[in-house]
Amino acid sequence: MTREVVRLEADFGALLRLPLADADFRSSTFERHGQLVDAIEQQDPQTARRRVKEHVSDALERLADLHAAVQ
């Protein structure tokens, strides 16, 4: 799994960081990371998993918006 994560980071990492140029996205990312940490601290894997999926989904949506804006 670690190899796959490293491969994905090499392939898509820079793209996934593009939305970080948006202050609102950075703020929501900070909040989501805090919620994820809380879920982990509470040993709540379902909530942690949901938070990660929401975060990745939001990042991909914003990336798609950026892509559409330059088309």
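The exercises below work through the helices, loops and largest pocket of a predicted model.

Residues are numbered from 1 along each chain as its sequence is written. Local features need pLDDT of at least 70 and side-chain atom pairs count only at pLDDT 80 or more, while totals for chains, interfaces and linings use all residues; side-chain values use heavy atoms, without hydrogens or water.

**Exercise 1. Overall make-up**

Task: State which secondary structure elements the protein has and in what order they run.

Solution.
- Step 1. Elements are DSSP runs numbered from the N terminus, with helices being H or I of at least four residues and strands E of at least two.
- Step 2. The protein has 3 helices and 0 strands, and from the N terminus the order is α-α-α.
- Step 3. The C-alpha trace spans about 45 × 30 × 15 Å along its principal axes.
- Step 4. Of the 71 residues, 17% are buried, where buried means under 20% relative accessible area, exposed over 50%, and partly exposed in between (1.4 Å probe, protein chains only).
- Step 5. Contact means heavy atoms within 4.5 Å. Among contacts between residues at least 6 apart in sequence, 56% join residues at least 24 apart.

**Exercise 2. Helix H2**

Task: Compare the length of H2 with its expected span, then locate its buried and exposed residues.

Solution.
- Step 1. The expected span is 1.5 Å times one less than the number of residues. H2 covers residues 23-41, has 19 residues and reaches 27 Å from first to last C-alpha, close to the 27 Å expected.
- Step 2. Phe25, Ser28, Thr29 and Ala39 are the buried residues of H2. Down the helix axis, the buried residues of H2 fall within an arc of 105 degrees, so they line one face; the arc is taken from the directions from the axis to the C-beta atoms.
- Step 3. As background, an α-helix has 3.6 residues a turn, so residues three or four places apart point the same way.
- Step 4. On the face turned away from the buried side of H2 are the exposed residues Phe30 and Glu41.
- Step 5. The cover over the buried residues of H2 includes H3 (45-70).

**Exercise 3. The two ends of H2**

Task: Describe what is found at the start of H2 and just after H2.

Solution.
- Step 1. At the start, a side-chain oxygen of Asp22 comes to within 2.9 Å of the backbone nitrogen of Asp24. A polar contact is a pair of N or O atoms within 3.5 Å; within protein, one must be able to donate a hydrogen and the other to accept it, and residues adjacent in sequence count only if both atoms are side-chain atoms.
- Step 2. Pro19 sits in the loop between H1 (2-17) and H2. Pro19 is buried at 3% relative accessible area, and beyond its neighbours within four places in sequence it contacts Phe25, Ala59, Arg62, Leu63 and Leu66.
- Step 3. Gln43 lies in the loop between H2 and H3, with a positive phi near 55 degrees although it is a residue other than glycine. Gln43 is exposed at 71% relative accessible area.
- Step 4. The C-alpha atoms of Pro19 and Gln43, 24 residues apart along the chain, are separated by 29 Å.

**Exercise 4. H3 and its partners**

Task: List the buried residues of H3 and trace the contacts of Asp58 and Arg32.

Solution.
- Step 1. H3 has 26 residues and reaches 38 Å, close to the 38 Å expected.
- Step 2. Thr47, Ala48, His55, Asp58, Ala59 and Leu63 are buried in H3, and these residues pack against H1 and H2.
- Step 3. Asp58 has a relative accessible area of 14%. Leaving aside neighbours within four places in sequence, Asp58 contacts Phe25, Ser28 and Arg32.
- Step 4. Arg32 belongs to H2. With the neighbours within four places left out, Arg32 contacts Glu54, His55 and Asp58.
- Step 5. The Arg32 side chain reaches the backbone oxygen of Glu54 at 3.5 Å. Arg32 and His55, 23 residues apart in sequence, are 6.8 Å apart C-alpha to C-alpha.

**Exercise 5. The largest pocket**

Task: Give the volume of the largest pocket and identify its lining.

Solution.
- Step 1. On a 1 Å grid over the protein atoms alone, a pocket is an open set of points where a 1.4 Å probe fits, with protein on both sides within 12 Å along at least five of seven lines; lining residues have an atom within 4 Å of a point.
- Step 2. The volume is about 530 Å³, taken as the space filled by probe spheres set on the points, which are joined across faces, edges and corners.
- Step 3. The lining has 15 residues, of which Val5, Glu9, Leu16, His55 and Val56 lie nearest the centre.
- Step 4. H1, H2 and H3 are the elements that give two or more residues to this lining, and the largest share, 7 residues, comes from H1.
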